[in-house]
Amino acid sequence: MASTALICDTEPWKDLKAHVEDIKKSHLRDLMNDKERCQSMMVEFDGILLDYSRQCATLDTMDKLYKLAEAASLKQKINRMYSGEHINSTENRSVLHVALRAPRDAVIYSDGKNVVPDVWNVLDKIKDFSEKVRNGSWVGATGKPLKNVIAIGIGGSFLGPLFVHTALQTDPEAVEFAKGRQLRFLANVDPIDVARNIVGLNPETTLVVVVSKTFTTAETMLNARTLREWISSVLGPSAVAKHMVAVSTNLTLVEKFGIDPNNAFAFWDWVGGRYSVCSAVGVLPLSLQYGFPIVEKFLKGASSIDQHFHSAPFEKNIPVLLGLLSIWNVSFLGYPARAILPYSQALEKFAPHIQQVSMESNGKGVSIDGVPLPYEAGEIDFGEPGTNGQHSFYQLIHQGRVIPCDFIGIIKSQQPVYLKGEVVSNHDELMSNFFAQPDALAYGKTAEQLLKENVAQHLIPHKTFSGNRPSLSLLLPSLNAYNIGQLLASYEHRIAVEGFIWGINSFDQWGVELGKSLATQVRQQLHASRTKGEPVEGFNFSTTTLLTRYLEASSDIPADPPTLLPWI
């Protein structure tokens, strides 16, 4: 029998619900005048500064949130994760992405076994292999060095590595290590994505990394077969073993595919896809592009936050504070969305990655015990680098719906620009907006202020800003591999904190399964209609109509078409 204990039945939850009325009587204009409050809402760790003074919260709010964390057994749940207990109960698995970046001498158990040596065996294998490819001692079938890498994977096998790659592309140290090399990511089963990935590349100098734990993921394996054909059509089938490697645990299918099992890099059931960037999923392609030493710095940055999250008291714990504030905004103030606003173009793929980590983890409707939730869980995450977002959706954030914002700023630009005679540097111009926007959201602009500025009466309603819109600011010293690791781990743990408080399982994803199973039925219908001319049957009227229209309008496709690869 499932337990019916829900966090909303506890006294701290009810206390916070009642406390909302007190907060609604206050305005950030006034709260920001309290210097002691602001000072206590700034936390620093390992070069990262978190300022959450622009949250619609008082010191009393924070005390109540800490009591909620206690009622949810947050500390015990964090400890259970780090000790390898099967906290992913629906899949009966440990959750140990922290082990992927643990120091070599660390001890982290899963099912009675220290998994850290296994992690480092794979990391050492990646280091050895990537160095051979990079120094030219591992070459392609025709003896040419492999300068280009295409990583095939979807979801967590794609978004995380792409985020890190995009962030490193302009880091001066990483740039030096990546000279003369290309890394591309093929995720979508849409043939256009294949075309874009192979354009300008020569199979002779290309290495393909196929990322699929089971080696059965439909989209990934179709893309893998497509690139296998691209390679073998030019170089012959025997070339596949020299031009394709795998990140997988299914060595039988890897070998059957034509890849040497010795060139398969393992990861484990206790690594969820969206938490796998620090496994071979991300480390292999990133090491091939930038060299293992750069990637190791990324792992060390993440590990620094892992240790902080595990040991720091809640009032000084950056991921815990981030998670508690999200709970406050979503479950109590009623703000279900969050804007992730990095003031760095290098972080342009950060919001899409966190969107998956957050929404796939916490988009749940039942508790970990299977009890329907009487409250909403999960956040709607979106974002865009500043200042691009300012010219896109900030209008709504300033004068429409209230959307709590995460502002992420970098003190030292990866690529500084100084122009003689300009008032400020390009990076200072960017950061001027980083510092101004949170205040604009917090303070707003009153009708009285507009009157003093002689604004025309009929425009005053349009130019009034209500303010009192919450945000927080994260300031990083720079954006090198280490800082990127810190940022990633901070958000991963923040999302876990939210799930632990809401009492849900943040580490399964049953919601992605139904659509996939229905797609199998559609796939069978398309095959039967294309090859045997069978009519569309077994679907509702709407789907039948759409499928019939699709088949009729593409009837020029032959029943048994010859192999055709995309060309741009």
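Q: Which residue in S11 stands opposite Arg338?
A: In this predicted model, Arg338 stands opposite Asp381 in S11. Strand S10 covers residues 337-342, and strand S11 covers 380-383. Strands here are DSSP runs of E of at least two residues, helices runs of H or I of at least four, and both are numbered from the N terminus.

Q: What makes S10 and S11 a pair?
A: Two strands pair if DSSP finds at least two bridges between them. S10 and S11 have four bridges, so they count as a pair. Their sense is parallel.

Q: How do you know which strands are the edges of the sheet that holds S10?
A: The sheet is open and has six strands in the order S1-S2-S13-S12-S10-S11, with mixed pairing. S1 (42-45) and S11 each pair on one side only, and they are the edge strands. From one strand to the next, the twist averages 15°.

Q: What joins S2 to its neighbours in this sheet?
A: Four bridges pair S2 with S1 in the antiparallel sense. In that pair, Val43 has Leu50 in S2 as its bridge partner. S2 is also antiparallel to S13, over three bridges. There Leu49 stands opposite Leu475 in S13.

Q: Which residue in the hairpin of S1 and S2 takes a positive phi?
A: Asp46, with phi near 50°. The hairpin has two residues between its strands.

Q: Which helix lies across S1, S2, S10 and S13?
A: H15 does, running at about 25° to S2 (48-51). H18 (residues 426-443) also packs on the sheet, where it touches S12 and S13.

Q: Why is H14 called roughly perpendicular to H15?
A: Helix H14 (residues 292-311) packs on H15 at an angle of about 70°, with the axes 7 Å apart. Angles of 65 to 115 degrees count as roughly perpendicular, under 35 as roughly parallel, over 145 as roughly antiparallel and the rest as oblique. That makes H14 roughly perpendicular to H15.

Q: Which residues meet where H14 packs on H15?
A: Ile305, His308 and Phe309 in H14 meet Ile318, Pro319 and Val320 in H15. The contact residues divide into five nonpolar, one polar and no charged.

Q: Why is H7 called roughly parallel to H13?
A: H7 (residues 159-168) and H13 (residues 280-290) pack at about 25°, with axes 9 Å apart. That makes H7 roughly parallel to H13. Residues in contact include Pro161 in H7 and Val281 in H13.

Q: Is the pair of Trp13 and Phe332 stacked or tilted?
A: Rings of Phe, Tyr and Trp (its six-membered ring) pair if their centres lie within 6.5 Å; planes under 30 degrees apart count as stacked, over 60 as edge-to-face and the rest as tilted. The ring centres of Trp13 and Phe332 are 4.6 Å apart and the planes are at 50°, so the pair is tilted. Trp13 sits in H1 (residues 11-24) and Phe332 in H15, 319 residues apart. The whole structure has 17 aromatic pairs.

Q: What makes S6 and S9 edge strands?
A: Their open sheet has five strands in the order S6-S5-S7-S8-S9, with parallel pairing. S6 (182-186) and S9 (264-265) each pair on one side only. Elsewhere in the sheet, S5 (residues 148-152) pairs with S7 (residues 206-211) over five bridges, and Val149 stands opposite Leu207 in S7.

Q: What do the numbering and the values rest on?
A: Residues are numbered from 1 along each chain as its sequence is written, and side-chain values use heavy atoms, with hydrogens and water left out. Local features need pLDDT of at least 70 and side-chain atom pairs count only at pLDDT 80 or more, while totals for chains, interfaces and linings use all residues.

Notes. Axes fitted to C-alpha atoms, helices over the stretch in contact; angles between N-to-C directions. Contact = heavy atoms within 4.5 Å. Nonpolar A, V, L, I, M, F, W, Y, C, P; charged D, E, K, R; others polar.
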